[in-house]
Amino acid sequence: MSLDKATVRNIANLARIEVRDEELDHLAGELSNILHFVEQLAEVDTDGIQPMTAVAALTLPMRADAVTDGGYPDQVLANAPEAEEGFFTVPKVVE
Amino acid sequence: MAYIIKGETGDWEIVIGLEVHAQVISNAKLFSGAATLFGAEPNTQVSFVDAGFPGMLPVINEVCVEQAVRTGLGLRARINLTSVFARKNYFYADLPQGYQISQFDLPIVGEGELILDLPDGSTRTVGIERLHLEQDAGKSIHDMHPSKSFIDLNRSGVALMEIVSKPDLRSPEEAGLYLTKLRSILRYLGTCDGNMQEGSMRCDANVSVRPVGSTELRTRCEIKNVNSIRFVQQAIEYEARRHIDVYESGGEIRQETRLFDSVKGETRSMRSKEHAHDYRYFPDPDLLPLVIGQDFVDAIKAGLPELPDAKKARFMAEYGLNAYDAGVLVAERVSADFFETVAKGRDAKIACNWVMGDFFAALNATGKTIEDPPVSAADLGQLIDLIKDGTLSGRLAKDVFALMVGTGKAPAVLVEEKGMKQVTDSSAIEAAVDAVIAANPDKTQQVRDGKTALLGWFTGQVMKATQGKANPAMVNEMLSKKIVG
């Protein structure tokens, strides 16, 4: 599978990565190469085989329903570019 | 009755599917140990996991899993012993991770059903497509600053159950009944408080229309986050009309997300969501598949309470109530319990009439809730006992009930205090009857001449003369004996 420029532009937009038009050809080539590399896996016959989700035979561990975290708004907001009255603030996003 | 919309080219019907986001009742969040209480100071119930800090790992809350399974069982749905969490990718200011952990291919609950109780007492079964667990986003507040939005992440990471119906609903009314019934089941189960104002139950409606008789599914539009049952119904009505107008003027409906404006009563396109359907789901590499045992499910099943449908059937069989009355009483667990306390050891139909009639009216009039009722179930039961043993007539009982609402006193106490005991002493009643007959010779003659309808007037006069305390049955009997003979 090869990617065209329009697809790369769409992927960049969905990922909120700014890509200049002159970079698109190069990126399309690189991404296509990655896809071609991974496509080699399709040569293996996997009929009737369950997808593997982890290397070790583990299941999801569960946690008790207890409040053990939170209560540190200052730390949560410490890296915020902007904060006011305990809230993160961002440019207005509203319909 | 089928709900049909008249168009210029013919009759149309609506096809509706609802997606309900129900906030799970739990102490801590789905994947972190932060608290879930509503109304806390901003960002005080946020862990580094919920804020999307790098390197933090989600660990699932067992109770949230239990609640999802419990809800699935309440909807008679298939429970998937293996389910998978996936990332739903999109950008929004209140989604710090840049993705929502949700379930896609393999939800924890599969197909189930929900029974609608229609106003005429009949029922209709609506299919449930699936129920999956996912994280809630944070909250954006847009009215605190002219150019900024304020973000509170307290809700970020709280567990939600997304409950998706099949496109089986055919009218705004059915959509309302579906939401009412779903909320009732969630409350019985204790898995969600169902509070739409606080946003712990939110609804998206998928709406399309088609000509009556057609079985096609046309392009649908999704109306997002409508926060009351009435608004859901209004939004569906508006949206269906819009589709019909577009089709009849030769246009096409574009699949899109729309917003309901409750002030204008209309839906409008949400431009920012145009690309949002490309969520690029993939299995969350931070989370292994969720595997639960059949024993885990069985233990939850064993602890399920009696649910509204079963309770309704029992009320009809055990107490002889009709489908409508039983449906109203079981809608809330507290009202069902209240009725059962009143009915215990008494005539259930009389108990039902009092609860559905005077008691519900008193709730409305006083603005009180059934959790803090103006008259307790025990006192109402006692009042019914006083009618049964002849202390009170039905009419006096209504007066006593009004006093009970006003004073909160027990009926026996009021009867004693106010001397409201019914008079069943035949000589006392006879004296009153004789006096009324003696004072109205003309009317007495009219009755004797065949105008028997006037007897009711005589009863009224005797009741008035005895301040309503005379036993009405005895009064009637004596009047007809003395006048008609």
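Here is a short dialogue on how to read the contacts and domains of this predicted model.

Me: I would like to start with the two chains. How many residues does each chain bring to the contact?

Reply: A contact can be read from each side in turn. Here chain B brings 44 residues and chain A brings 32 residues.

Me: Which elements of chain B supply at least two residues each to the side that touches chain A?

Reply: Four elements are worth finding on your screen: β3 (60-61), α1 (62-74), β10 (148-152) and β17 (290-291) of chain B. The biggest giver on this side is β10(B), with five residues.

Me: And how do the residues on that side of chain B divide by class?

Reply: On the side of chain B that touches chain A, 22 residues are nonpolar, 16 are polar and six are charged.

Me: Let me return to β10(B). In what sense does it pair with strand β3 of chain A?

Reply: Look at residues 87-91 of chain A, which form that β3 strand: they pair with β10(B) in the antiparallel sense, over four bridges. For one bridge to look up, take A:Val90, whose partner in β10(B) is B:Ser149.

Me: Now chain B by itself. What domains does its assignment give?

Reply: Domain 1 covers 5-300, domain 2 covers 306-418 and domain 3 covers 426-484.

Me: How many residues of domain 2 and domain 3 of chain B are in contact with each other?

Reply: Four residues of domain 2 are in contact with four of domain 3 in chain B. The domain 2 side of that contact has one nonpolar, one polar and two charged residues. Taken over C-alpha atoms, the centres of these two domains of chain B are 32 Å apart.

Methods: Residues are numbered from 1 along each chain as its sequence is written. Chains are lettered from A and ligands numbered from 1 in the order in which they are written. This is a predicted model: local features need pLDDT of at least 70, side-chain atom pairs count only at pLDDT 80 or more; totals for chains, interfaces and linings use all residues. Two residues are in contact if their C-beta atoms, placed from the backbone, lie within 7 Å. Ala, Val, Leu, Ile, Met, Phe, Trp, Tyr, Cys and Pro count as nonpolar, Asp, Glu, Lys and Arg as charged, and the others, Gly among them, as polar. Two strands pair if DSSP finds at least two bridges between them. Domain bounds come from an automatic or database domain assignment.
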